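Here are my notes on the interface and the enclosed spaces. Please read them beside the structure.

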Amino acid sequence: MSTPLLEIRNLSIAFHTETGVVEAVRGIDFTLAKGETLAIVGESGSGKSVTGLALTRLLPEPPARYVSGEILLEGRDVLKMKPDELRRIRGNRIAYVFQEPSTSLNPVFTIRWQIAEAIELHRPEVCDVDAEIVKYLELVGIVNPRQRMNDYPHQLSGGMQQRAMIAMALVCHPDLLVADEPTTALDVTIQAQIIDQLKVLKSQIDMAIILITHNFGIISGIADRVAVMFRGKIVEQGPTAEVLRNPQHPYTRALIDCIPKLGQRRKRLTTIDHAALEAL
Amino acid sequence: MFNYIIRRLLYSIPILLGVILITFTLDSVMMTPNEKASRVLGPKAVGKTRTEWIHNRGLDRPMPVQFVNYVKNLVTFNFGTTWVTGRDLSETFLQGVGPSLCITLPGFFAALLGSLGLALFQVFVRNSPVDRVLTLFSVALMSVPTMVYVIFAQAFLALNLRYFPAYGFAYEPGMLRFLLLPIVIFMLINIGYDARLYRAIFLEEIGQDYVRTAHAKGVSTARVLAVHVFKNGLIALITLVVAQLPKLILGSLLIESLFGIPGIGSMLVQAIQTGDQPVVMVSVFLGSALYLLSLIVTDILYAWADPRIRLS
Ligand SMILES: Nc1ncnc2c1ncn2[C@@H]1O[C@H](COP(=O)(O)OP(=O)(O)OP(=O)(O)O)[C@@H](O)[C@H]1O
Ligand SMILES: [Mg+2]
């Protein structure tokens with residue numbers, strides 16, 4: 001068997017703050033094959049974002065500390081890389097889309113400037129940078145890209161901003177796209193559009209995706225596998241359809257119960273009994 | 001944009017009129033026309049010379065008329081003459097601008113570059129011992145009173161070691177020797193304060209989401225600071241920097257008078273000491289006008305630095 005694209009072994013991450021040590025990620029393992037899509041699902045504070053940022057060592061150190069484990073990108077441990085090696089994988093092999101497009105884009109530079117910066121960093125061989133930018137803005141479904149690319153972020157709607165973020169992430173042909181709650185800040189119809197866009201892109205580009213979300217409802221149809229995180233641990237992982245059909249862990253069951261279903265009479269949303277789960 | 005500037009200029013008019021009204025009233029309250037005449041002509045000049053002097057200046061007319069005339073003179077840059085030397089005031093001010101700028105311009109730019117560099121470097125090594133030592137250094141620089149710098153420079157560097165003249169000014173090829181100490185002191189008293197402000201501005205920016213995005217793209221830390229953070233910090237920086245512009249033209253009161261630089265600052269100090277009211281009044285008018293102008297410049301620069309702001 002060939003080496004997987006990404007292999008996480010026994011990864012633990014802690015934050016050393018004034019109020020004490022927070023163990024945000026506690027000994028997680030997972031692997032990701034090339035072109036595969038993994039959804040990481042869990043409630044707020046369960047360590048999803050920390051896991052995603054750790055993949056290219058983006059957490060601020062201090063307070064963050066990588067306590068133990070390995071992050072193997074095609075066999076090479078990211079945690080042992082030197083700063084300039086890290087810079088070469090960031091944006092280039094592993095690219096990110098974040099939750100809040102309105103603040104994640106730099107407000108004082110145009111979309112074109114920000115995408116061009118990524119191209120110049122990782123693909124210096126590209127001659128016609130503008131044509132490349134237009135191509136990718138078109139790919140993520142932005143109409144009239146030649147004009148739109150000269151806009152500043154605030155001139156675009158939230159959905160358009162997130163599409164521009166996705167274009168910026170894709171433009172360097174990453175092997176892995178980490179999308180950290182890419183739709184949470186957007187309104188519902190736009191959410192669906194962005195997820196659909198990711199589905200389309202997935203079929204067009206050979207690229208692995210880690211989709212971080214707290215919403216089980218959006219992952220079917222896009223994620224091949226799902227890992228459920230609870231309090232810094234992965235409590236369950238497996239093929240999406242299987243986990244959805246037959247969840248093993250009570251926390252997973254509780255999360256799946258939170259998905260509102262069409263045609264179902266409105267019932268009370270279940271609350272999650274953390275004390276009981278922690279005791280497991 | 002053009003309309004905006006016109007409107008702002010129009011808004012400035014009532015403010016300036018208010019400033020003039022206050023100085024004008026103070027001037028009239030402090031001295032009667034007779035006292036002014038005897039102050040200028042000497043106590044012996046009585047009778048016809050004195051009434052003529054008063055009449056020629058319109059000081060015997062009703063107050064509102066005097067005020068209107070005074071405003072007219074100010075806005076046409078017809079500032080009148082000083083009481084002490086009798087020289088034309090606009091000429092005196094124009095002569096003072098040169099020496100003032102000789103000190104303030106180089107001092108201002110040195111302080112700006114120094115404090116920006118220091119602030120960015122401190123943000124780069126933030127929360128490290130180096131950062132803390134530099135913060136201590138900045139606080140020390142801003143806490144030492146100007147007089148201490150001046151005394152050290154004059155007593156030690158100038159008089160003891162004879163590296164520099166302690167006092168004086170001349171437009172000549174070697175004039176730098178007169179300027180160096182005042183310029184360095186002007187820089188030192190500004191750099192510590194500015195560096196701490198700028199550091200705070202940049203630290204605020206460093207926590208923003210777009211900084212994480214830039215790192216996630218693979219941008220180097222130095223470039224994140226010098227390009228991404230800097231351009232965003234510029235918006236807050238502009239207010240602080242442009243607010244200093246009037247100070248540059250009006251000079252530094254203390255440094256100029258202690259080093260014998262014949263700029264507007266030392267002129268003003270002398271005028272206050274000798275009770276030369278016209279000089280003080282014109283200085284207040286020019287200072288307010290420059291300040292209002294710098295506010296408009298700030299707005300224009302804002303719009304340039306921040307695409308989210310449109311002047312309308
Ligand atoms: N910079 C930091 N300093 C201190 N603690 C942190 C920091 N970043 C994250 N944490 C802690 O790590 C834990 C996991 O946070 P994380 O952001 O990964 O949660 P999440 O699963 O992404 O939640 P959400 O759905 O709210 O985004 C939280 O308890 C949080 O308080
Ligand atoms: Mg998160």
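**Notes on the cavities and the A–B interface**

1. Start with α9(B). It gives three residues to the lining of the second largest cavity, the most of any element. The model is predicted. α4 of chain A also supplies at least two residues of that lining.

2. The second largest cavity holds about 40 Å³ of space. Its lining includes A:Glu117, A:Met168, B:Thr213, B:Lys217 and B:His228. By class, the lining has three nonpolar, five polar and two charged residues.

3. The search of the whole structure finds two cavities of 30 Å³ or more. The largest has about 100 Å³ of space. Of its 13 lining residues, A:Tyr96, A:Met168, A:Ala169, B:Ala216 and B:Lys217 lie nearest the centre. β6 (94-97), α4 (111-122) and α7 (158-170) of chain A, with α9 of chain B, each give two or more residues to this lining.

4. α7(A) gives the most to the lining of the largest cavity: three residues. This lining divides into nine nonpolar, three polar and one charged.

5. Now the interface. Here 19 residues of chain B contact 26 residues of chain A. The buried area is about 2,000 Å², with 61% from carbon and sulfur atoms. B:Arg212, B:Lys217 and B:Pro307 lose the most area on the chain B side, together 31% of what that side buries.

6. Two salt bridges cross the interface by the rule. A:Glu117 and B:Arg223 meet in a salt bridge at 2.8 Å, N to O. Eleven residue pairs are in polar contact across the interface, both residues at pLDDT 80 or more. α9 (209-216) and α10 (221-242) of chain B each supply at least two residues of the side that touches chain A.

Methods:
Residues numbered from 1 in each chain as written. Chains lettered and ligands numbered in written order. Predicted model: local features only at pLDDT ≥ 70, side-chain atom pairs only at ≥ 80, totals over all residues. Heavy atoms only, no water. Contact = heavy atoms within 4.5 Å. Buried area = accessible area lost by both parts, 1.4 Å probe. Salt bridge = Lys/Arg side-chain N within 4 Å of Asp/Glu carboxyl O. Polar contact = N/O pair within 3.5 Å; in protein donor to acceptor, adjacent residues only side chain to side chain. Helix = DSSP H or I, 4+ residues; strand = E, 2+ residues; numbered from the N terminus. 1 Å grid on protein atoms, 1.4 Å probe; cavity = no way out; pocket = protein on both sides within 12 Å on 5 of 7 lines; lining within 4 Å. Points joined across faces, edges and corners; volume = space filled by probe spheres on them. Nonpolar A, V, L, I, M, F, W, Y, C, P; charged D, E, K, R; others polar.
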